Amino acid sequence: MGKVRKTANLGMLLAAALLLSYVESLIPFGFGIPGIKLGLANLAVLLCLYCWSGKEAFALNVMRILLAGFLFGNLYSILYSLAGGCASFFVMWLAKRINRLTIQGISVLGGVAHNLGQIVVAAFVVETAGVFYLIPYLLLSGILTGMLIGFVTGLILPHLKNRSMEVRE
Amino acid sequence: MDLKTKKRNDFLLTGFLLIAAISFLIFQNYRGKMGSRVIVQQNGETLYELSLTEDRTGENALRLETAAGYNLLVIEDGKAYIKEADCPDKLCVKQRAISRQGESLICLPHRLVVAVEGEEKSEIDAVTY
């Protein structure tokens, strides 16, 4: 794939990720538990991981967190998102390299890692281990949202393949 | 690795995580004895210790006004909850009332934690969660 084309595609994915972050900020989902999110933007990161490589997906992830954080959040929300985003990215990247799961399983791992990463940072910020009491709720929500996002990404991928994006499975 | 094996792995992984989460949840709900007091902490520093047996509603509710912001803590029928707050996400207000040891109310934007504890000071009880 040409360089220009890649730049254009990555830019498009970043825009999509940012938009998904915005849509997510409009959806009241969380049940009063800090750290629980739908993780819609993870869709774009997951797609990127399958269409290009870890490097591009990581850059996309960090950029959309910073952009979304400055636009719709604050310093603390950026801190939590970065922790969750990096944990989730690293786990998904590793799982994809090990290559023993489908996109579904990888997405579930990512969702769970995202929530656990956030709660660890939260424990440091509030300086209390009390937040670990939330772990089971975070696990459950990570599994559910991960399944959902994995399912949707699995639906989108074949269409990207048809449009001459290089999908590596 | 073929698709079928991968799908089986997906299933096993998800099942394992689900079981882990649910057993953790059950463990927490049944093990937790009723607490007798709540501790209000900000940035890891204890600001207040209140008894859960004394109601603090209406006028007597605890107004927590700190540099970070304002939260109104109410204790009613042995349960504590945050009634009002000026944090952006209001997640602390939406949280369920707490009464069992180890349960906590958390307001991340204000770095505030309200945790239930038992009679004697048992740091370990709080940490295991």
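These are my notes on how chain A meets chain B, and on one helix at that interface.

**Entry 1: the model.** I'm working from a predicted model, so everything below is computed from it.

**Entry 2: the footprint.** I started with the contacts between the two chains. On chain A, 33 residues are in contact with chain B, which puts 34 residues of its own into the contact. I then looked up the buried area: the two chains bury about 3000 Å² between them, and 70% of that lies on carbon and sulfur atoms.

**Entry 3: polar links.** I wanted to know how many salt bridges run between chain A and chain B. The count is zero. For polar contacts between the chains I got four residue pairs, with both residues at pLDDT 80 or more.

**Entry 4: who supplies chain A's side.** I checked which elements give two or more residues to the side of chain A that touches chain B, and they are helix H4 (75-98), helix H5 (103-126) and helix H6 (135-162). H5(A) provides the largest share, eight residues. Sorting the residues on that side of chain A by type, I have 23 nonpolar, eight polar and two charged.

**Entry 5: a look at H5(A).** Since H5(A) gives the largest share, I went through it separately. H5(A) has 24 residues and reaches 35 Å from first C-alpha to last, close to the 34 Å expected at 1.5 Å a residue. Is H5(A) mostly covered or mostly exposed? Mostly covered, with 20 of its 24 residues buried. Last, I checked what follows H5(A): Glu127(A), with a positive phi near 50 degrees.

How values were computed: Residues are numbered from 1 along each chain as its sequence is written. Chains are lettered from A and ligands numbered from 1 in the order in which they are written. This is a predicted model: local features need pLDDT of at least 70, side-chain atom pairs count only at pLDDT 80 or more; totals for chains, interfaces and linings use all residues. Side-chain values use heavy atoms; hydrogens and water are left out. Contact means heavy atoms within 4.5 Å. Buried area is the accessible area (1.4 Å probe) that two parts lose on being put together, summed over both. A salt bridge is a side-chain nitrogen of Lys or Arg within 4 Å of a carboxyl oxygen of Asp or Glu. A polar contact is a pair of N or O atoms within 3.5 Å; within protein, one must be able to donate a hydrogen and the other to accept it, and residues adjacent in sequence count only if both atoms are side-chain atoms. Helices (H or I, at least four residues) and strands (E, at least two) are DSSP runs, numbered from the N terminus. Ala, Val, Leu, Ile, Met, Phe, Trp, Tyr, Cys and Pro count as nonpolar, Asp, Glu, Lys and Arg as charged, and the others, Gly among them, as polar. The expected span of a helix is 1.5 Å times one less than its number of residues. Buried means under 20% relative accessible area, exposed over 50%, partly exposed in between (1.4 Å probe, protein chains only).
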